[in-house]
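Visitor: I am new to this structure and should like to be guided through it. May we look at it together?

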Amino acid sequence: MRHGERVHIVGSAAVAPLALGSLVLLGDGLGTLLSFPGQVVGYMVAMGVLVGIGVSPWVLRGEGHPAVRRLLCLLPGLSLLVMAALPAVPVFATLAMVIGLCVPTLLAMTRGGAGRGMGYAGVAGAAGAVAVAAVWQDQPRLGLAVAGVFAVFTGAFSGPVPDSRRAFREVRWTLPAYAAVGWALGAVILPAARLLLFRFELFGADRMYHLLAAVAGGCLLAFLLGRLTDEVPSLLIAAAGGLLLVATAPWAAGIAVGAAVVFGAAMAALARLDRLAAGRGAALSETAALLGALGAYGAEPLLRMFAGSGSVLALSTVPMALLILWSVHLTPVAEAGGPPLVAWRLSDPDRDVDRLDLRAEAGEKLAFYGPGSQSLLRLLSGETRADGGRLLSRGVDLTRTTRARRAELKVSHPAPAAAEGDRRTVAERLADLAVSEPWRVRSVLEVFPALAERRGEPAADLDGTGALLLGLAEALLLRPRIVLVDARDCDPQLVPVLDGLARGGAVVVLAEPPVPLAVALDARTLLLRRGRPAEELTHPTEEELTASLDRGRS
């Protein structure tokens, strides 16, 4: 992903939490200004969010309607500015719903986009909303205007659209967990602010400073938790524990600590879910999260008719626990994590590969021989669509993912490089893969002197050997999970390069490599017959491998 694309996604990621948070947190002051209960502000936004959930898949569909997407990125900020300038009930009610309508699309546009940068931008937007509410608690119109200026600025950087297909079959097991994340975030902010007010008599800016500390602490905690564990259920259980801490804290700082735990654990779980979903089903994941948040937001005032805020917050852990159990029940063992390459009964349309079962750990080297070896490379790269079975990588089902999408996610990379019609030179093509680290291009070209001599040639004009070297050079820059090598003309002198890719954690899959190359790599060797492994050799000598190939061809 280029730097410009990353900036655009990061910009759009901050808009929704900034605009939505500012509007809701300033709700009491705005309600007083317009003579209606402050919570009505939240109901107006919630109605817009419900409408936006239905609109979001249409807006995100394909590559059409770019003007609509850009307008949706700018509308929240513009709406806040108009609301600040014209504080009339009809204007306010309409534009509050408009902001809510934009939120689902903005959230979906960031799913699996820029990784940690997107998460940091979302946290910055939420912190900005709390800061605006703290500073301008008594001047809500001015607060809206300030938030509107920043939202317009960040909304100007509208990002590209992820794969938002309704891939229910592929991401269904993540949806309860997304809903639990939304529930945790929707259940904590306003109840925490209410407890700070009624339990400890903290008013105005004092409450918001506690919430700002919670958001900042939650950001740090999310960073730490994301490195301590990648188990989504564990992170969600920690978020539920944070809700209980907020409900029972005997001091004001304890409420801020509990809110920080909820915020940090929920953000860490969200980041992990986004990595597992890999951008697929963006509209579905943001819908599940928003419905969870709206459910918690709507349940809280209803339950407060029968119990206090602390008791309601403690009770809110029950639905969250049910969502966690549902998520654990739906998560298949194979999709809870797993190696970078798992094939289960994988078949191509011509049955050159027929119900193949394969599992490879990071760093493994596999050499395939037989009529189906080239077809297997095409299946693993996404060039050929599977006719049956499943292909998993790190818990994500890639069976129906396109070749371009797998390359974008750095799952698999083919060598020789596919360069048909690409008029960029070799140097330009490599430079585009290392925008933030241009020095790496020079280092990679030093590994391939023959390729360095042709750095000024168009990539499309390279012969087979040149395209192979270019593909391997790109793999060194990209560091994909799976490197796919058509090794029929592969020079055994490339053993150190292939071995280095494996040591870096990649699964190296070679089709029809020369026998000396396969032996020097100490590759696990599989001979395919009728689309399935007929023989498997580990640590073969050249004589053993040659004899096995002769038997297979006879």
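Visitor: In which sense do strand β1 and β2 pair?
Guide: This is a predicted model, in which local features need pLDDT of at least 70, side-chain atom pairs count only at pLDDT 80 or more, and totals for chains, interfaces and linings use all residues. Residues are numbered from 1 along each chain as its sequence is written, and side-chain values use heavy atoms, with hydrogens and water left out. Strands are DSSP runs of E with at least two residues, helices are runs of H or I with at least four, and both are numbered from the N terminus; two strands pair if DSSP finds at least two bridges between them. Strand β1 (residues 341-347) and β2 are joined over 4 bridges, and the sense is antiparallel.

Visitor: Which residue in β2 is the bridge partner of leucine 341?
Guide: Side chains alternate along β2 (residues 356-360), and buried denotes under 20% relative accessible area (1.4 Å probe, protein chains only). Asp357 and Arg359 point to one face and are not buried, whereas Leu356, Leu358 and Ala360 point to the other and are buried. The bridge partner of leucine 341 is alanine 360.

Visitor: In what order do the 6 strands of the open sheet lie?
Guide: The pairing in this open sheet is mixed. Its edge strands, each pairing on one side only, are β6 (412-415) and β10 (532-537). The order is β6-β7-β8-β3-β9-β10.

Visitor: Which residue in β9 stands opposite alanine 367?
Guide: Strand β3 (residues 365-369) and strand β9 (residues 524-529) run parallel and are joined by 4 bridges. Opposite alanine 367 in β9 stands threonine 525.

Visitor: Why is β7 described as largely enclosed by the rest of the structure?
Guide: On one side of β7 are Ile482, Leu484 and Asp486, on the other Val483 and Val485, and all are buried, so that both faces are covered. β7 is largely enclosed because the count of its buried residues is 5 of the 5.

Visitor: Which residue in β8 stands opposite aspartate 486?
Guide: On one side, β7 pairs with β6 in the parallel sense over 4 bridges, and histidine 413 has valine 483 as its bridge partner in β7. β7 is also joined to β8 by 5 bridges, and these two run parallel. Opposite aspartate 486 in β8 stands alanine 511.

Visitor: At about what angle to β6 does helix α21 run?
Guide: Helix α21 (residues 464-478) lies across β6 and β7 (482-486). Axes are lines fitted to C-alpha atoms, for helices over the stretch in contact (heavy atoms within 4.5 Å), and angles run from 0 to 180 degrees between N-to-C directions. The angle to β6 is about 155°.

Visitor: Which element gives the most to the lining of the second largest pocket?
Guide: On a 1 Å grid over the protein atoms alone, a pocket is an open set of points where a 1.4 Å probe fits, with protein on both sides within 12 Å along at least five of seven lines, and lining residues have an atom within 4 Å of a point. The second largest pocket has a volume of about 370 Å³, counted as the space filled by probe spheres set on the points, which are joined across faces, edges and corners. Of its 19 lining residues, those closest to the centre are Glu383, Arg403, Pro414, Ala415 and Pro416. With 4 residues, the element that gives the most is α16.

Visitor: How many helices and strands does the protein chain have?
Guide: Of its 554 residues, 53% count as buried. The secondary structure comes to 24 helices and 10 strands.

Key
Buried means under 20% relative accessible area, exposed over 50%, partly exposed in between (1.4 Å probe, protein chains only).
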